[in-house]
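Welcome! Please take a look at the sequence and the 3D view below, and keep both at hand while you read.

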Amino acid sequence: MDLLLNPEINFCSCGCEARLIKNALRAQKSGKKRFNYWIECLDDSCGNKGGAEGQSWKAILNWNSSENSDFPDSIEIPFLSLIGLNQEEIVAKISGLESELNSKANKSYKSGRPLPQKAYIELKAQLAWLDYAKAWYKNHFDCAEVFTTDTRNKQANEPNDAVTPQSN
Ligand SMILES: [Zn+2]
């Protein structure tokens with residue numbers, strides 16, 4: 001399985017394992033079944049739970065980036081190697097790739113030619129992975145915000161979420 005869309009779920013901050021929940025939503029008019037996903041701690045007395053998302057990879061990466069996450073000592077990003085890099089180099093590499101991906105999304109949005117659905121999902125997943133990488137970095141090196149862009153607080157006029165995939 002492709003790690004990009006099947007990230008491993010980090011342990012809960014309480015030390016217990018966490019699992020992915022798949023929840024069937026009420027049937028749409030079209031009759032097409034839809035689901036949402038979230039992560040929750042296996043320990044009922046803990047109660048830590050991530051936000052519900054339309055895709056499993058998004059739910060997992062949101063959990064992994066959150067304060068509920070027990071961050072691993074090293075992070076494995078499927079499309080980016082941070083091995084052997086110092087702190088500054090890690091920041092530069094993550095920031096560089098993030099702006100590259102954002103400008104790719106912008107370009108496609110402005111040109112009016114949406115990315116094919118597969119490429120669109122991969123782009124969104126890569127950006128979510130970079131959010132996780134930034135959260136990991138802050139936790140691992142115990143430091144405040146060092147990244148110039150924080151997609152969590154993006155401006156309303158940034159069209160990142162307005163890039164709609166082609167339907168085919
Ligand atoms: Zn827990």
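## A glycine to begin with

Where does Gly51 lie? You can find Gly51 in the loop that runs between E3 and H1. Keep in mind as you explore that this is a predicted model. Gly51 is partly exposed, because 13 other C-beta atoms lie within 10 Å, and a residue needs 20 or more to be buried.

Leaving aside residues up to four places away in sequence, Gly51 touches Trp38 and Asn62. Try locating Asn62 in the view: its C-alpha atom is 7.5 Å from that of Gly51, and the two residues are 11 residues apart along the chain.

## The overall plan

How many helices and strands does the protein have? There are three helices and four strands. If you follow the sequence from its start, the pattern reads β-β-β-α-β-α-α.

The protein has 168 residues, and 23% of them are buried. Now consider the contacts with a separation of 6 or more: 58% of these are accounted for by residues 24 or more positions apart.

## Helix H1, a covered helix

Helix H1 covers residues 56-65. Is H1 mostly covered or uncovered? It is mostly covered, with 10 of its 10 residues buried. Among them are Ser56, Ala59, Ile60, Asn62 and Trp63. What do these buried residues pack against? Their partners are strand E2 (18-24), strand E3 (35-41), strand E4 (69-70) and helix H3.

Let's look at H1 and H3 together. Their axes come within 8 Å and cross at roughly 15 degrees. Angles under 35 degrees count as roughly parallel, so H1 and H3 are roughly parallel to each other. The crossing of these two helices is left-handed. On the H1 side, the contact is made by Trp57, Lys58, Leu61, Asn64 and Ser65, while H3 brings in Ala125, Ala128, Trp129, Asp131, Tyr132 and Ala135. Sorted by class, the residues in this contact of H1 with H3 are seven nonpolar, two polar and two charged.

## Helices H2 and H3 side by side

Next, turn to helix H2 (residues 87-111) and helix H3 (residues 117-140), whose axes come within 10 Å and cross at roughly 155 degrees. Angles over 145 degrees count as roughly antiparallel, and therefore H2 and H3 are roughly antiparallel to each other. Their crossing is left-handed.

Which residues meet here? From H2 come Ile90, Ile94, Leu97, Glu98, Leu101, Lys104 and Ala105, and from H3 come Leu123, Gln126, Leu127, Leu130, Ala133, Lys134 and Tyr137. This contact of H2 with H3 has 10 nonpolar residues, one polar residue and three charged residues.

## The nonpolar core

In soluble globular proteins, nonpolar side chains tend to be buried together. In this model, the largest nonpolar core has 21 residues. Within it, Ile39, Ala59, Ile60, Leu61, Trp129, Tyr132 and Ala133 touch the most other members.

Which elements give two or more residues to this core? They are E3, H1, H2 and H3. H3 gives the most, with eight residues.

## After the last turn of H3

Two residues in the segment after H3 deserve a visit. Asp142 lies in this segment, and it is exposed because 6 other C-beta atoms are within 10 Å, where 12 or fewer count as exposed. Most residues other than glycine have a negative phi. Asp142, however, has a positive phi of about 45 degrees although it is not a glycine.

Phe147 is also found in the segment after H3. Is Phe147 buried or partly exposed? With 16 other C-beta atoms within 10 Å, Phe147 is partly exposed. Not counting residues up to four places away in sequence, Phe147 touches Val91, Ile94, Ser95 and Lys134. One of these partners is worth finding in the view: the C-alpha atoms of Phe147 and Ile94 are separated by 8.5 Å, although the two residues are 53 residues apart along the chain.

Methods: Residues are numbered from 1 along each chain as its sequence is written. This is a predicted model: local features need pLDDT of at least 70, side-chain atom pairs count only at pLDDT 80 or more; totals for chains, interfaces and linings use all residues. Axes are lines fitted to C-alpha atoms, for helices over the stretch in contact, and angles run from 0 to 180 degrees between N-to-C directions. Angles under 35 degrees count as roughly parallel, over 145 as roughly antiparallel, 65 to 115 as roughly perpendicular and the rest as oblique. A crossing is left-handed if the near helix is turned anticlockwise from the far one by less than a right angle, and right-handed if clockwise. Two residues are in contact if their C-beta atoms, placed from the backbone, lie within 7 Å. Ala, Val, Leu, Ile, Met, Phe, Trp, Tyr, Cys and Pro count as nonpolar, Asp, Glu, Lys and Arg as charged, and the others, Gly among them, as polar. A nonpolar core is a set of buried Ala, Val, Leu, Ile, Met, Phe, Trp, Tyr and Cys residues joined through C-beta atoms within 7 Å.
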